[in-house]
Amino acid sequence: MAGHGTDRHPHGADRLCEAGDRVYSRAVRRGRVPRADAAAVPCLLELALLHPDPDDMGWLVPTSPQEVMTRLLRGVYEEISAGQARVGDAVAAFEWYAGLGGRVQAPGEGVAIRVLDGLPRIRAAMDEATEACTTEVLTVQPGGIRREDELSEGLHRALEMRRRGVRMRDLYTHVARHGQGLHNYMELMGDAAEARTLDEVVERLILFDRKVAFIPANADRTIALELRHPALVDYLVTVFERLWRLAIPLAAPLPETGIDGITHRERSIAALLAEGHQDAVVAERLGISVRTCRAHIARLSETLGAASRTQLGVRIAQAGLDGPQRAAELLPLSDPGRESPTAR
């Protein structure tokens, strides 16, 4: 019987079939439903969304939506943890094979992919790439406000490249604008560096002369990949250039949202909430703390007159905040950084 139900309803609790949706919603509204109502949707019993009423076995009572949500989030977390473990195992295996001479190679390019395990090896490889760099460096720096120690750690490389005439372009999140350390860093670099910001960016990326790229290979960035395969590097350059065209120069103000009382950051939060993301995910993607994110959500709710999260979602859609601003709204007519002397 269970197998037959699974065949007819091959889904999980994250996406119910139409019949299951109707019966479960009715059970939540009324507190219980007759067992006969669930005969056509055995998936609800198999997924433990309905279970017998101990006071009357002819009725079924629903598992609370809050408990179902907790269960789903726990499952997602476990999948992510397992995925991270598999990535770690794959990186370790790759390095082992590389040690046996099985490194990925491209004709005439030497080692196309090199695993750098540990911060000392990463820094040594970065120093080597810095010394060999002659034209430009492109970087993507995710997260929020850049810490002074992060900026100082790479300052010696940047100043050395500036001395040799190397041009630098850096992408940050809008939140980084609020850190004085970044402004001090850009002042030190002068005309050699240009920075732009976006609501959110991709993971950390550093490209030297469009020939070698560095990307993190684990969550805490203690393992990195050094990429020299032309196709991979060209792909990453294309990603950078497209983000660069969408970004706003650090020296230019962020655009108005067009809605009184709603800031640019709150518009970004609204768009991510409309996509169904939880507070922690929204905070991580925008480079802010969860506490700050929730304070903005509370202010957004107040401004839009929403009394609940469900109502906030409706208000966000009604106000047209459920998507990113159009490019025409993002770039001012006199954009001082639209044409970069290093852009190609």
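Visitor: How many bridges join β11 to β12, and in which sense do the two strands run?
Guide: In this predicted model, one of the pairings is that of A213 in β11, whose bridge partner in β12 is L227. The two strands form a hairpin with six residues between them, and R221 in the turn has a positive phi of about 60 degrees. β11 and β12 run antiparallel, and the number of bridges that join them is four.

Visitor: Which residue of β11 is the bridge partner of L207?
Guide: β10 and β11 pair in the antiparallel sense over three bridges, and they form a hairpin with three residues between them, where D209 in the turn has a positive phi of about 50 degrees. The residue of β11 that is bridged to L207 also has L227 of β12 as a bridge partner. That residue is A213.

Visitor: Which strands stand at the edges of the open sheet, and why is one side of each left without a neighbour?
Guide: The sheet has eight strands with mixed pairing, in the order β6-β12-β11-β10-β7-β8-β9-β13. At one end, β13 pairs with β9 (residues 193-198) in the antiparallel sense over two bridges, and P249 of β13 is the bridge partner of R196. Each edge strand has a single partner strand, so one side of it has no neighbour in the sheet, and the two strands concerned are β6 (113-117) and β13 (248-249).

Visitor: At what angle to β6 does helix α5 run?
Guide: Helix α5, which spans residues 119-132, lies across β6, β10, β11 and β12 of the sheet. The same helix supplies at least two residues of the largest nonpolar core, as do β10 and β11. Relative to β6, α5 runs at about 130 degrees.

Visitor: Which residues have the most contacts inside the largest nonpolar core?
Guide: This core has 26 residues, and the elements that each supply at least two of them include α7, β8, α8 and β9. Leaving aside residues up to four places away in sequence, V137 touches M161, V166, R167, M168, R169, I206, L207 and F208. The residues with the most contacts inside the core are V137, M168, F208 and F214.

Visitor: Is V115 buried or exposed?
Guide: V115 lies in strand β6, and the residue belongs to a core of 22 residues that lies apart from the largest one and also has L198, F240 and L243 among its members. Buried means under 20% relative accessible area. The relative accessible area of V115 is 6%, so this residue is buried.

Visitor: Why do α7 and α8 count as roughly parallel, and at what angle do they pack?
Guide: The contact is made by L155, A158, L159 and R162 of α7 with Y185, L188 and M189 of α8, and these residues divide into six nonpolar, no polar and one charged. The axes are 10 Å apart. Because angles under 35 degrees count as roughly parallel, α7 is described as roughly parallel to α8, the packing angle being about 25 degrees.

Visitor: How are α10 and α12 oriented to each other?
Guide: R265, E266, I269, A270 and L273 in α10 meet T292, C293, H296, I297, R299 and L300 in α12, a contact whose residues divide into six nonpolar, two polar and three charged. The axes of α10 (residues 264-274) and α12 (residues 290-304) come within 10 Å and cross at roughly 90 degrees. The two helices are therefore roughly perpendicular.

Technical notes: Residues are numbered from 1 along each chain as its sequence is written. This is a predicted model: local features need pLDDT of at least 70, side-chain atom pairs count only at pLDDT 80 or more; totals for chains, interfaces and linings use all residues. Side-chain values use heavy atoms; hydrogens and water are left out. Two strands pair if DSSP finds at least two bridges between them. Contact means heavy atoms within 4.5 Å. Axes are lines fitted to C-alpha atoms, for helices over the stretch in contact, and angles run from 0 to 180 degrees between N-to-C directions. A nonpolar core is a set of buried Ala, Val, Leu, Ile, Met, Phe, Trp, Tyr and Cys residues joined through side-chain atoms within 4.5 Å. Buried means under 20% relative accessible area, exposed over 50%, partly exposed in between (1.4 Å probe, protein chains only). Angles under 35 degrees count as roughly parallel, over 145 as roughly antiparallel, 65 to 115 as roughly perpendicular and the rest as oblique. Ala, Val, Leu, Ile, Met, Phe, Trp, Tyr, Cys and Pro count as nonpolar, Asp, Glu, Lys and Arg as charged, and the others, Gly among them, as polar.
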